[in-house]
Amino acid sequence: MELRCCIFNNMNSGKNRKYRYNKDKFLQFVPDDFRIIDAYSLNDLNEAVHVIKDEGINMLMVNGGDGTLQQLLTALINAMPADSLPIILPLRGGTSNTVQGAIGVRKNPIDTVKILLKHLELYDKGEDSISSLSVKPLKLTDSKYGIKYGFTFTNGLVYRVQKLYTEQENPTFTTVINLITSTIGGYAIGHTGTKKYYSKINAELYIDGNRYPEQRYLLMFAAVFQRLLLWFKPFYQPEKKGINNFYFIASAVDPWIAIKNLRAFTTGKEIPPHTFNGVPSNVRINAECGYALDGELVNDEYTDIILEEGPLLKFFVVPETIRTSYGITYKAYINPEHVNKYDKDNLITFSLF
């Protein structure tokens, strides 16, 4: 099977607005048969899905942040059979690049694509093999809005901080850090305007079919990858996660206890009281609160959703030989046993030059 590559640029994502990683910058060095799509609206997203499907794209580079990846993958999964989905390489074109960080993508979009090309050149010479990570994203079924696919779900406290972030003028990653520290500090000194973010939500929670006993929660979140933003790796015993489930935390802990033990809780060293921290395969949430999926907000007063595993995706993982030659500091938050290697007979034949 011949390799067909496509770069999808979300020109409204964080870094693309600033650095303009558009078609012209990639055309300077990619092969002529690369498809490059600059998307400025949802209409462009739908057109991209048709191109990927109709032209048999099987290596897709997504230049945007977490929200871009979520929206494009949702559209692709809804439009294509699972076994026809392309291998994905997410590029760091967004303000939030959680998935990119989890699989070890550290460079800017231009350098990352150059690294991929170097790998494909070696692969064509028989010196390497395509490495991919098998991942099942979250499948979120919203009783009102239907099915979406993503990687990080939040409600309660985290969702409220994310909502506050979107209300800032020209927010950046520094804005995220400032909001986290200011809300924690504001609650600690008893600031009235900040305490509302720490109010608990009324919710019914079912984990693998069983009702969880708490009635009011400080926060819930689910994730496919172990590492979130900053130092946050809050999952207890992450090695228990296999490919058929996801990380999930639901905490009804008192906010002050959470703040006083923030470091321990956000690094997975302890499980707070009145908290579930584990790896289910199915969660149902009825909550008096909106939620976010990969930073994309649903600002409803009441939500009824189901979280479970989605179809199998394959993410390109840069091989060790390429990482070393480019001086990449590589720390991926994935289980190495889940990384698959394919040779030409099993996957792709490719001629680059």
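What span should the 13 residues of helix H3 (residues 42-54) have at 1.5 Å a residue, and how far apart are its end C-alpha atoms? In this predicted model, the expected span is 18 Å and the end C-alpha atoms lie 19 Å apart, so the two values agree.

The two sides of H3 can be told apart by their accessibility. Buried positions in the helix are Asp 44, Leu 45, Ala 48, Val 49, Val 51 and Ile 52. These residues cover an arc of only 165° around the axis, which means that they sit on the same side of H3. On the face turned away from that buried side, the exposed residues Asn 43, Glu 47, His 50 and Asp 54 are found. The cover over the buried residues of H3 includes three strands, S1 (5-10), S2 (35-39) and S3 (59-64), together with helix H4 (66-79). Just after H3 comes Gly 56, with a positive phi of about 65°.

A second site of interest is Ile 285, a residue of strand S15 (residues 282-287). Its relative accessibility is 1%, and because buried means under 20%, Ile 285 counts as buried. With residues up to four places away in sequence left out, Ile 285 touches Phe 153, Asn 155, Glu 204, Leu 205 and Met 220, as well as Phe 248, Thr 303, Asp 304, Ile 305 and Leu 307. For Ile 285 and Asp 142, a separation of 143 residues in sequence goes with a C-alpha to C-alpha distance of 9.9 Å in space.

Key: Residues numbered from 1 in each chain as written. Predicted model: local features only at pLDDT ≥ 70, side-chain atom pairs only at ≥ 80, totals over all residues. Heavy atoms only, no water. Helix = DSSP H or I, 4+ residues; strand = E, 2+ residues; numbered from the N terminus. Expected span 1.5 Å × (residues − 1). Buried < 20%, exposed > 50% of the residue type's maximum accessible area, 1.4 Å probe, protein only. Arc of directions from axis to C-beta. Contact = heavy atoms within 4.5 Å.
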